Amino acid sequence: MRLLALTLAWLLFTSPVRAQMPDAAMGDLSMEGMYQQLLETEQRLLATEQRLSAIEMNPPNLIDSIQTMPGFSENPEWIQPESEKKKAWFEKYKLGGYMQLRINETLSTEDGSAPPQHVGDSSIGDNQSFILRRARLSVSGDVTDKISIYLQPDFAANVPGSSDSNQYVQLRDWYSDLHFDEDHIYRVRIGQSKIPYGWENMQSSRNRLPLDRNDGFNSATKNERDLGAFFYYTPTYAQEFFDRTLDENLKGSGNYGLFGFGFYNGQGGSLREQNDNIHIISRLTLPFTFANGQMMELGIQGYTGQYTVLSAPISPLGVGPAVRPLGAADTGGREGVLDNRLGWSLIYYPQPFGFQAEWTTGRGPALNAAQTEIEERSLYGGYVMAMYRQETVRFGEMIPFVRWAYYQGGYKSERNAPYTDIDEWEIGLEWQFTKYVELVSMYTITDRTNTRADSSDDALSYQQFRGDLARFQLQVRY
């Protein structure tokens with residue numbers, strides 16, 4: 001080793017490179033100085049060899065080495081899994097919504113028909129054209145791993161009691177989900193949210209095919225929502241099922257639990273409670289996925305409570321002065337009338353053929369036959385619908401559908417809870433140009449009770465509207 005070092009030093013000293021190097025860079029080039037530098041170099045090489053041998057015999061622990069570094073953190077962000085990194089506040093919440101622009105045209109009415117009217121769409125009637133049916137903006141997210149929130153106002157609401165004011169903001173949803181476990185199997189929902197009664201009621205209007213919900217189930221709860229507390233049990237496989245019906249655009253209703261149970265006011269969403277009674281509700285749904293991938297859902301639900309009806313003056317059977325019926329909030333019926341229902345649901349998801357059927361029975365408040373008092377009367381109704389989902393490469397997705405809907409019973413959320421008879425056929429086509437824009441066209445053949453109270457003397461209220469409608473809606477999601 002020493003001979004090799006001396007040889008290299010001699011070659012360096014006598015080479016042309018030596019002649020080009022400044023003296024300052026060469027240091028002490030005397031024989032004694034060079035000999036001393038060679039000794040020092042040899043000692044450093046020997047020490048390096050010893051350290052390398054020690055490392056081979058006892059390799060260092062990388063983690064221990066890192067932990068001894070200055071500024072070490074036990075969970076440095078750069079080695080944390082993505083799911084464990086702390087998120088900024090704007091990464092925890094999601095902003096979304098949709099807008100629906102509608103126009104309806106009454107094509108014909110039978111002789112003696114009542115004026116056109118529909119509980120779910122105020123633009124059906126005389127002197128109407130375009131309407132902003134819904135303008136929703138939602139905020140949702142996870143405050144912590146076990147607390148979720150959802151807020152949704154509607155910017156297209158009407159002012160109660162006003163005949164010409166609309167597009168006001170009204171609360172639709174504002175609730176928190178409190179989860180008891182990391183898998184979100186058990187949770188309690190508190191606040192204003194949808195009532196788990198009727199699969200179509202729980203389905204968002206952004207996913208629904210017909211422009212309005214069926215009256216049999218929709219007459220159960222005003223705005224489909226109310227203030228209350230609900231317990232939901234949803235095992236992991238059911239969560240995956242409900243998520244798939246939405247992710248694959250199968251028109252799902254969302255996750256309202258395999259089993260649900262709760263308490264709520266009963267008067268309806270964004271409406272002031274009128275009595276001290278609390279409604280009780282329960283729902284059970286069974287999801288199935290067959291061997292060929294076809295998805296189906298069966299459900300049963302029921303509720304009970306006391307409902308207080310609000311009144312308006314009418315002329316009973318169109319004879320005499322207009323008076324308020326007995327049994328309403330301001331005519332001796334503040335405690336309310338028995339309000340209970342039981343309903344069944346069958347959903348065969350469109351893959352590509354689909355089928356839906358729901359039916360409800362029960363008893364609830366309704367105007368009596370003489371139109372003088374609000375009483376407890378029987379009710380029943382529902383719908384049957386078939387559809388076919390056709391996906392195309394260039395023209396988006398098209399879903400033609402046909403629905404028959406029927407309801408006979410009191411419409412408790414309308415003034416005086418008029419007893420209604422509704423028999424309706426709807427034929428339509430939903431055309432989704434993209435996942436963000438869709439157009440629904442419908443032809444409706446209807447025979448339904450006009451639920452508006454006519455406060456004029458000797459005027460008959462609640463007659464039948466019989467006619468045909470052409471209906472269109474453009475929806476934009478964001």
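**Aromatic pairs and internal cavities**

The structure, a predicted model, holds 15 aromatic pairs. One of these joins Phe230 and Tyr232 in a stacked arrangement, with 6.4 Å from centre to centre and 20° between the planes. Both of these residues, Phe230 and Tyr232, are buried. Another pair, formed by Tyr407 and Tyr411, is edge-to-face, with the ring centres 6.3 Å apart and the planes at 85°. Tyr407 and Tyr411 are likewise buried. Ring pairs also connect Trp199, Phe241, Phe242 and Tyr349 into a cluster.

Aromatic rings are also found beneath charged groups. Arg377 is placed over the face of Tyr419, at 3.9 Å from the ring centre. In a second case, the charged end of Arg403 sits over the ring of Tyr383, at 5.7 Å from the centre of that ring.

The interior was examined for enclosed space, and four cavities of 30 Å³ or more were counted. The second largest cavity holds about 50 Å³ of space. Its lining comprises Trp199, Leu209, Leu250, Lys251, Ile347, Tyr348, Tyr349, Pro350, Phe355, Gln356 and Met387. Strand S10 (337–348) and strand S11 (353–367) are the elements that contribute two or more residues to this lining. Classified by residue type, the lining of the second largest cavity consists of nine nonpolar residues, one polar residue and one charged residue. Trp199 and Tyr349 belong both to this lining and to the aromatic cluster with Phe241 and Phe242.

How values were computed: Residues numbered from 1 in each chain as written. Predicted model: local features only at pLDDT ≥ 70, side-chain atom pairs only at ≥ 80, totals over all residues. Heavy atoms only, no water. 1 Å grid on protein atoms, 1.4 Å probe; cavity = no way out; pocket = protein on both sides within 12 Å on 5 of 7 lines; lining within 4 Å. Points joined across faces, edges and corners; volume = space filled by probe spheres on them. Helix = DSSP H or I, 4+ residues; strand = E, 2+ residues; numbered from the N terminus. Nonpolar A, V, L, I, M, F, W, Y, C, P; charged D, E, K, R; others polar. Phe/Tyr/Trp six-rings, centres within 6.5 Å; stacked < 30°, edge-to-face > 60°. Buried < 20%, exposed > 50% of the residue type's maximum accessible area, 1.4 Å probe, protein only. Lys NZ or Arg CZ within 6 Å of the ring centre and 35° of its normal.
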